[in-house]
Amino acid sequence: MLATASPRLHAAARRLSLAAPPTGALPALRLPRSRPARYVSLRLRASASASAATPSAKEDLGFEEMAARTTRRYYMLGGKGGVGKTSCAASLAVRFANSGHPTLVVSTDPAHSLSDSFAQDLTGGALAPVEGTDSPLFALEINPEKSREEFRTINQKNGGSGVKDFMDGMGLGILADQLGELKLGELLDTPPPGLDEAIAISKVIQFLEAPEYSMFSRIVFDTAPTGHTLRLLSLPDFLDASIGKILKLRSKIASATSAIKSVFGQEVQQQDAANKLEQLRERMVKVRELFRDTESTEFIIVTIPTVMAISESGRLHSSLQKESVPVRRLIVNQVLPPSSSDCKFCAIKRKDQARALDMIKNDPELMELHVMQAPLVDMEIRGVPALKFLGDIVWK
Ligand SMILES: Nc1ncnc2c1ncn2[C@@H]1O[C@H](COP(=O)(O)OP(=O)(O)OP(=O)(O)O)[C@@H](O)[C@H]1O
């Protein structure tokens, strides 16, 4: 038998499915119009140490450990496409909000599904309050296209062929070629996958530094599928190195050409572009630091019990370890619960799942993680009541 939701929950889900959120372009990040009326005191337990990147045998990694400490903590949920990252991230956010933490859940996945998950329109690019939790819960879908546009603007100012022609004309072609070798134009024109997500995360970090957002003690990220996340992690080092070189080169060029450029009125523009690049580099460094901060951040891998998904989770885990990103928990979603009356299809499916679950037990890296199983439930998980239902089962 599958994990069964109550008829009331089913009725609530049916009502929500009639109110699908509209889609549309997302404007820039805005502040929420009003603060939530209701605040409940934090029911927090004594502080528990969470500094280890891998769990020790004695460490209790239940939900209490996640809810302990009033200081801000970030949880990034990631994994293969379609395994249930959004459902798990949204259910964790609801669970935090119901245990006393003012919480923000952010989607940086270009294919947003937070709106669908909360059955609420979150497409405005602003923090949207989510109704129905004990403590404030806000949700935010960041538009990766916007981040990309912002990046392209830097390129337009920073020199495509215009700058090269200009430098050629001044006998500075060699330097222009050096710039070309760094593939700056290419990089800026077609930003590498993961860059838009990195910029989106850095934006969230940036605005969370403002005093009006200090109330959020738990930030849950619903990240893009595995490939993007891995590229995002290697991106800061790559950008750090290339932008560093570019800026050095640019200052050499600037000193040689400033007089002539000022005649053409380009000096200010160049400086502005250099500042923006430097700003971007700093932001990327911050994202990298956040991902690696064992005190405040944890990456939770979400998977399903299939050989393919678990193999990919193993690779994701290795890459995260290589990048020193703290990972301690693994969610196996959509597990068929035991049953005494299986149909043939279910019996075969169950055997397949058991084989896949054995892979975790036998994997030297994955076996070290705290494994949580989430059952396959008999309803679509949409809206706060359904997310609470899932969250209470998974986050124990
Ligand atoms: N435990 C579960 N039981 C039943 N249905 C589930 C469960 N977990 C997720 N689902 C359903 O599976 C679908 C995909 O889930 P979700 O959007 O959370 O996945 P995702 O990994 O975020 O997907 P994407 O990679 O496309 O963003 C949704 O329809 C969701 O309701």
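The paragraphs below go through a predicted model, starting at the ligand and moving outward to strands, helices and single residues.

The ligand is surrounded by 18 residues. Gly81, Gly84, Lys85, Thr86 and Ser87 are the closest of these. Two elements, helix H3 (85-98) and strand S7 (327-335), each supply at least two residues of this shell. H3 gives the most, with 3 residues. Sorted by class, the shell holds 7 nonpolar, 8 polar and 3 charged residues.

Strand S1 covers residues 73-78, and 6 of its 6 residues are buried. In a regular strand, side chains alternate between the two faces of the sheet. In S1, one side carries Arg73, Tyr75 and Leu77, while the other carries Tyr74, Met76 and Gly78. Every one of these residues is buried, so both faces of the strand count as covered. S1 also has two strand partners. With strand S5 (residues 218-222) it shares 5 bridges, and the two strands run parallel. With strand S6 (residues 297-303) S1 likewise has 5 bridges, again in a parallel arrangement. Met76 shows both pairings: this residue stands opposite Phe221 in S5 and opposite Phe299 in S6.

Helix H3, already met at the ligand, also packs against another helix. The axes of H3 and helix H14 (residues 384-394) come within 8 Å and cross at roughly 85 degrees. The two helices are therefore roughly perpendicular to each other. From H3, the residues in this contact are Ser87, Cys88, Ala90, Ser91, Leu92, Val94, Arg95 and Asn98. They meet Val384, Leu387, Lys388, Leu390, Gly391 and Val394 of H14. By class, the contact of H3 with H14 comprises 8 nonpolar, 4 polar and 2 charged residues. Ser87 thus belongs to two descriptions, being listed among the closest residues to the ligand and among the H3 residues that meet H14.

Next come two residues with an uncommon backbone angle. Most residues other than glycine have a negative phi. Arg69, which is not a glycine, has a positive phi of about 75 degrees. Arg69 is found in the loop between helix H2 (63-67) and S1. This arginine is partly exposed, because 19 other C-beta atoms lie within 10 Å, and a buried residue needs 20 or more. Gln334 is also a residue other than glycine with a positive phi, near 65 degrees. Unlike a loop residue, Gln334 is found in a strand, S7. Gln334 has 20 other C-beta atoms within 10 Å and is therefore buried.

Two further residues show how burial and distance can be read in this model. Ile348 is found in helix H13 (residues 344-362). Ile348 is exposed because 11 other C-beta atoms lie within 10 Å, where 12 or fewer is the limit for that label. From C-alpha to C-alpha, Ile348 and Gly100 are 42 Å apart in space, and they are 248 residues apart in sequence. Arg288 lies in helix H11 (residues 267-292). With 23 other C-beta atoms within 10 Å, Arg288 is therefore buried. Arg288 and Ser202 are 86 residues apart in sequence, and their C-alpha atoms are 9.4 Å apart in space.

Terms used:
Residues are numbered from 1 along each chain as its sequence is written. This is a predicted model: local features need pLDDT of at least 70, side-chain atom pairs count only at pLDDT 80 or more; totals for chains, interfaces and linings use all residues. A residue is near a molecule or strand if its C-beta atom, placed from the backbone, lies within 6 Å of it. Helices (H or I, at least four residues) and strands (E, at least two) are DSSP runs, numbered from the N terminus. Ala, Val, Leu, Ile, Met, Phe, Trp, Tyr, Cys and Pro count as nonpolar, Asp, Glu, Lys and Arg as charged, and the others, Gly among them, as polar. Two strands pair if DSSP finds at least two bridges between them. Axes are lines fitted to C-alpha atoms, for helices over the stretch in contact, and angles run from 0 to 180 degrees between N-to-C directions. Angles under 35 degrees count as roughly parallel, over 145 as roughly antiparallel, 65 to 115 as roughly perpendicular and the rest as oblique. Two residues are in contact if their C-beta atoms, placed from the backbone, lie within 7 Å.
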